[in-house]
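Dear colleague,

I am handing over the structure below, and I would ask you to keep it open while you read the notes that follow it.

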Amino acid sequence: KQRNGHEPEFLQAVEEVAETVIPYIVEHDIYYGKNILLRMVEPERVVTFRVCWVDDSGEIQVNRGYRIQMNSAIGPYKGGLRFHPTVNMSILKFLAFEQVFKNSLTTLPMGGGKGGSDFDPKGKSDNEIMRFCHSFMSELFRHIGHNTDIPAGDIGVGAREIGFLFGMYKKISNGFTGVLTGKGMSWGGSLIRPEATGYGNVYFAQKMLETKGDSFENKKVVISGSGNVAQYAAEKVIQLGGKVLTLSDSSGYIYDKDGIDTDKLAFVMQLKNEKRGRISEYLETYPNAEFVKGKTPWEVKCDIALPCATQNELNKADAKALLSNGCICVSEGANMPSTKEAIAEFHKAKILFAPGKASNAGGVATSGLEMTQNSLRFNWTRDEVDEKLKDIMSNIHDSCIKFGKDEDGYIDYVKGANIAGFVKVADAMLAQGVV
Ligand code: NDP
């Protein structure tokens, strides 16, 4: 706390892990007295750098770039890049810390990292985005590599940005390697990677529902966000027979009481991915829906909630509203979307609750599968990747049960994910000595 007191999101993420992992360390001699958690909270390396670029009016702009290389005990650093004006050290360290546990849970050999910039892609032309990405990579390239650190996308970094970043890396390193994941299909990408985080979250929720003999069939589902994760979570919910009632962006949420079906979702994908418009524009084509400005969708009555936008978007009052409306399952697509107080409410009510580090791990897991395909110089089919993704989500669910089942039978997925993620990384760190 003394060293990181000015980093609230990082402290929040560490506290959540410490609360469940410290009692486990105390009970297990092999971890006790080794300062293992103290070592895990200190990044192995932090890089910050200047990113200068020229906007369309000819003015020189300056942003700050970052890469946090958090832990490489079980594999090269792996984790996304976020471009958003709120990006700072606290946000990226919380994301990098969570990533270490998440990547461990996937069972694939990936360490944890995260990076990005305070650059705001909103309202920028394609050429401005390209110039920014090229400038960003002209410094980042010296810190990453396909055996060292393999970044991917996150908020504000999708297929377009990964393309520009990869192009510059390839040019200045003079090598075509799998240094980034989320690549296009014709230049080293994996089928199902765009869908993986959203699909994986729904597969995980399905596993949780099965423990109660339940499913998505005819369930009312409330989703926040309308980006990559939210879009494909919605697609999978629809395929499994659920009814998606909401989507959102930072300006508010849309509520379509008739349900957002496949055609309406295709409209949203085009609106968000091609036109780069606002979610409120949904009403211009579907006037029966409502747009609720400046609010999150947790006040809408639902059976299942999938927060898929950003950190701390679901607080205690939201949790109470969801519970009083009969919500039985919350599965996080975003990273740390629920506050600590909200999670306490879900646990008190003993509903199904999955933390992002378990339920959204499908994205990075499929990035791991993309790395394997790049190394093999071979592509698996859509069904092959989807099957592997389902298996990985099912294995993560099993790990959560193994370490998170309480005496009364309630599954504390937070505890389960934290301990399962910790054990693998801690064992590797102990084996490698004090380095
Ligand atoms: P996108 O940039 O594709 O979409 C983000 C969505 O969240 C947009 O609808 C955006 O609205 C909304 N949003 C972002 N910031 C805020 C905010 N401060 N308040 C309200 N809404 C906000 O990102 P992704 O879908 O990729 O990521 C969403 C979440 O999922 C993040 O927490 C990310 O870390 C996590 N995640 C993503 C993975 C991936 O594979 N992409 C993997 C694992 C986790 P607007 O357009 O108005 O900004």
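The domain assignment divides the protein chain into domain 1, which covers 8–177, and domain 2, which covers 194–359. Please bear in mind throughout that this is a predicted model. Between the C-alpha centres of domain 1 and domain 2 there is a distance of 25 Å, and the contact draws on twelve residues from domain 1 and eight residues from domain 2.

On the side of domain 1 that touches domain 2, helix 1 (8–27) and helix 3 (89–105) each supply at least two residues, and the largest share, six residues, comes from helix 3. Sorted by class, this side of domain 1 is made up of six nonpolar, two polar and four charged residues.

The strands are the other topic of this note. Strand 1 (residues 45–54) pairs with strand 2 (residues 60–71) in the antiparallel sense, over ten bridges, and within this pairing Phe49 is found opposite Gly65 of strand 2. If you follow the chain through the hairpin that strand 1 and strand 2 form, you will pass five residues between the strands, and there Gly58 takes a positive phi near 95°.

Strand 2 also pairs with strand 4 (residues 112–117), again in the antiparallel sense, here over six bridges. To locate this second pairing in the model, you could start from Ile68, whose bridge partner in strand 4 is Lys114. As you look along these strands, it may help to remember that in a regular strand the side chains alternate between the two faces of the sheet.

With best wishes

Terms used. Residues are numbered from 1 along each chain as its sequence is written. This is a predicted model: local features need pLDDT of at least 70, side-chain atom pairs count only at pLDDT 80 or more; totals for chains, interfaces and linings use all residues. Two strands pair if DSSP finds at least two bridges between them. Helices (H or I, at least four residues) and strands (E, at least two) are DSSP runs, numbered from the N terminus. Domain bounds come from an automatic or database domain assignment. Two residues are in contact if their C-beta atoms, placed from the backbone, lie within 7 Å. Ala, Val, Leu, Ile, Met, Phe, Trp, Tyr, Cys and Pro count as nonpolar, Asp, Glu, Lys and Arg as charged, and the others, Gly among them, as polar.
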